[in-house]
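These are my notebook entries on a structure that I looked up for a reader new to it. I took the sheet before the side chains.

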Amino acid sequence: MRPDERPRRGRARRGLLLAMDPAPTALAPAPAALVRGPCRRLEDLGFLVGSRCNLSCIHCYVGSSPTSDTLEALSADEVLPFPGEARALGVGHIYLSGGEPFVNRQCLEILEACTRTAPTTVPTNAVGPIGRRVGELGRRRPGRLAFRVSFDHYREERHDAIRGEGSFREAADQTVRLAREGFRPIVTTTAEVFRGNPVAPERALAAFRDLFAARGVEVDVKLLPAVLPMGAQRSRVDGPGPAVAVTEATLRASGVRPASLMYATGRSVLKIDSRVRVYPCPIIYDVPSFDLGGSLGESPRVEVPLAPVGCSTYCVTRQAGRCTDPR
């Protein structure tokens, strides 16, 4: 860990998620491929309920922190129109993310509206605010509600180096509490676990399972195969990589169909500049060309370019076109 890699607090800068910088003129990139046609079947709906977080993780692609207002807090009243729209489009799953969702004071009301509509998953750091809600969460539709708890390593010191001292122990304790309230927590880790730690993925996953088995609970473990070079993570890479657009030719060469990507079957709802907007993907916002309107009813009629860095480095290259979020 470099000296400047300590967890830090501060205001996130607007626009950091436009991680595809303008390409050098010499590259003359081809136009980005488009996801065309209506979103007739909504598989995943995400609510980004605000970018504030009680932690300031040094790799956070949203750049969340206790003071970040890049994404404004969604209220329950602002969320309420969307579940009905989503139901009409056959929504399969809902996600509540941020920031840390439980920093939003209306998170429980939003969760109630979501779980009435579809099975709902909440990614959480399991530190701080959620600890005051675990008992009440256990009384709210455990069969329709799941939690992904973020861990960056199965070793306490490595996790705390990214998220702050004491965060590993508290997150582990809250994970056990969730399990004892009837949930089966999903421990979610990223490729960060392999930094300076050349172990096989199966060994890393087993280490997380063993960690919680020793505490008397079973967990599922999900490995995200990349850390996106966006938000706070951009300060940890050597420099911006080449500007890569996903073109029609790129997709053909990769054997990827645009219809298989999240843009075709997913939508995310967020609030920015005091306006509730719909975007095609949870890692893109504050980019006017990706604003699909103010309702799910508007969003299916818009063509979406596959331009951001996530499309090329994660969805197409790493996931072979399977960037929808399997449970």
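The entries below go through the sheet, one of its strands, one residue and the salt bridges.

**Entry 1. The sheet.** I noted that the model is predicted. I then looked up the order of the strands. Eight strands make an open sheet, arranged E7-E6-E5-E4-E3-E2-E8-E9, with mixed pairing. The edges are E7 and E9, each of which pairs on one side only. From one strand to the next, the twist averages 25°.

**Entry 2. Helices on the sheet.** I looked for helices that meet these strands. Helix H3 (residues 107–117) packs on the sheet and touches E2, strand E3 (93–97), strand E4 (120–124) and strand E5 (145–150). The direction of H3 makes about 170° with that of E3. I also recorded helix H7, which lies across E6 and E7 and runs at about 145° to E7.

**Entry 3. Strand E8.** I asked how many residues of strand E8 are buried. Seven of the seven residues, 266–272, are buried, so the strand is largely enclosed by the rest of the structure. In general, side chains of a regular strand alternate between the two faces of the sheet. In E8, I found Gly-266, Ser-268, Leu-270 and Ile-272 pointing one way, and Arg-267, Val-269 and Lys-271 pointing the other way. Both sets are buried.

**Entry 4. Neighbours of E8.** I followed the pairing on each side of the strand. Strand E2 (residues 44–48) runs parallel to E8 and is joined to it by four bridges. Within this pairing, Phe-47 has Val-269 of E8 as its bridge partner. With strand E9 (residues 275–279), E8 pairs in the antiparallel sense over five bridges. The hairpin of E8 and E9 has two residues between the strands, and Asp-273 takes a positive phi near 55° there.

**Entry 5. Ser-268.** I chose one residue of E8 and asked whether Ser-268 is buried or exposed. Its relative accessibility is 2%; the cut-off for buried is under 20%, so Ser-268 counts as buried. Gly-46 stands opposite Ser-268, while in E9 the bridge partner of Ser-268 is Tyr-279. Leaving aside neighbours within four places in sequence, I listed the contacts of Ser-268, among them Leu-48, Arg-277, Cys-281 and Pro-282.

**Entry 6. Salt bridges.** I counted 11 salt bridges in the model. One of them joins the side chains of Arg-169 and Glu-156, at 3.3 Å from N to O. Arg-169 lies in helix H6 (residues 167–180) and Glu-156 in helix H5 (residues 156–163), so this pair ties together parts 13 residues apart in sequence. Glu-156 is partly exposed, with a relative accessible area of 27%.

**Entry 7. Glu-218 and Arg-184.** I looked up a second pair, whose closest N and O atoms are 3.1 Å apart. Glu-218 lies in the loop between helix H7 (201–213) and strand E7 (220–224), and Arg-184 in the loop between H6 and strand E6 (186–190), so the pair ties together parts 34 residues apart in sequence. Glu-218 is exposed at 58% relative accessible area, whereas Arg-184 is partly exposed at 43%.

**Entry 8. Glu-192 and Arg-195.** I recorded a third salt bridge, between the side chains of Glu-192 and Arg-195, at 2.7 Å from N to O. Glu-192 counts as buried at 5% relative accessibility, and Arg-195 as partly exposed at 38%. I closed with shared partners: salt bridges join Arg-184, Glu-218 and Asp-220 into one network.

Key:
Residues are numbered from 1 along each chain as its sequence is written. This is a predicted model: local features need pLDDT of at least 70, side-chain atom pairs count only at pLDDT 80 or more; totals for chains, interfaces and linings use all residues. Side-chain values use heavy atoms; hydrogens and water are left out. A salt bridge is a side-chain nitrogen of Lys or Arg within 4 Å of a carboxyl oxygen of Asp or Glu. Buried means under 20% relative accessible area, exposed over 50%, partly exposed in between (1.4 Å probe, protein chains only). Two strands pair if DSSP finds at least two bridges between them. Contact means heavy atoms within 4.5 Å. Axes are lines fitted to C-alpha atoms, for helices over the stretch in contact, and angles run from 0 to 180 degrees between N-to-C directions.
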